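Please look over the sequence and the model shown here before reading on. The briefing then takes up pairs of charged side chains, one pair at a time.

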Amino acid sequence: MAEAVGVVAESLAGDRARAARTVLDQVVLPGEELLLPEQEDAEGPGGAGERPLRLNAGSRSRGRVVCGPGLRRYGDRLLVTKCGRLRHKEPGGGSGGGVYWVDSQQKRYVPVKGDHVIGIVTAKSGDIFKVDVGGSEPASLSYLAFEGATKRNRPNVQVGDLIYGQFVVANKDMEPEMVCIDSCGRASGMGVIGQDGLLFKVTLGLIRKLLAPDCEILQELGKLYPLEIVFGMNGRIWVKAKTIQQTLILANILEACEHMTANQRKQIFSRLAES
């Protein structure tokens, strides 16, 4: 079955091979083959010195290329496996290569090591808490994975509490494991989230947009109302303002900003500021 899928993908990719630099920030479809310019000029399927992207670090490669979500290595080629916009991040040294991924509107979250997420404690089994993170199975959280926690000084965690933490183990063959401390043993803002506030869910694409360094939405929200806000890479947002009305307004704005233009968003903020 896997071989048949590979043959079909290969045939589709050969018919629709496109240069990656010409489709950045554009929609790509499953089965397409990405072509990148090689360091040495040579004629290939893309023409004009373009050859199929080679992921092996060799003398002809410009730099190390990392495949992100939505892309899959098939031999020496890079195939698109999800429908979405192609994104690229240059490496720090500017030596070529970098990270390529497909920004898609994925609904179900897949745990990734290092991601900071918001979970809900659903059960306690011995010294382990079971936390719902929106994935295919709950994550485990040890009572010792909190700042200052010992066998005698246990954290006050109850079923139903909201937990902000990060993954230290996340792969398809093992149960995901969370902690609420960093590499130095500090909480760094992680732990049990306050009882007040509102928790709601948005798309994973919107979370990545809000966490981007050049995102202006959070700055505009901060000028509108004083607030506390926590973002989880699993598509969950916790927000708290001075009043319930302000909290609901902020939640509605965050949910709607994914489909609003900058001018529409500014008009809404100006109206709320005047009211």
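What follows is a short account of the salt bridges in this predicted model.

The count comes to six salt bridges, and the bullet points below describe some of them, including the one between D25 and R87.

**D25 and R87**
- The side chains of D25 and R87 meet in a salt bridge, with a distance of 2.7 Å from N to O.
- This pair links distant parts of the chain, since D25 lies in the loop between β1 and β2 whereas R87 belongs to strand β8, 62 residues apart.
- D25 is partly exposed at a relative accessible area of 44%, and R87 is also partly exposed, with a value of 24%.

**D127 and R154**
- D127 forms a salt bridge with R154, and their closest N and O atoms are 3.2 Å apart.
- Both residues sit in loops, D127 between β10 and β11 and R154 between β12 and β13, so that the pair links parts of the chain 27 residues apart.
- D127 counts as partly exposed because its relative accessibility of 37% falls between the limits of 20% and 50%, and R154, at 40%, is partly exposed as well.

**K130 and E175**
- K130 forms a salt bridge with E175, in which the closest N and O atoms are 2.7 Å apart.
- Here the two partners lie in strands, K130 in β11 and E175 in β14 (residues 174-179), and the pair links distant parts of the chain, 45 residues apart.
- K130 counts as partly exposed at 23% relative accessibility, while E175 is partly exposed at 32%.

Note on methods: Residues are numbered from 1 along each chain as its sequence is written. This is a predicted model: local features need pLDDT of at least 70, side-chain atom pairs count only at pLDDT 80 or more; totals for chains, interfaces and linings use all residues. Side-chain values use heavy atoms; hydrogens and water are left out. A salt bridge is a side-chain nitrogen of Lys or Arg within 4 Å of a carboxyl oxygen of Asp or Glu. Helices (H or I, at least four residues) and strands (E, at least two) are DSSP runs, numbered from the N terminus. Buried means under 20% relative accessible area, exposed over 50%, partly exposed in between (1.4 Å probe, protein chains only).
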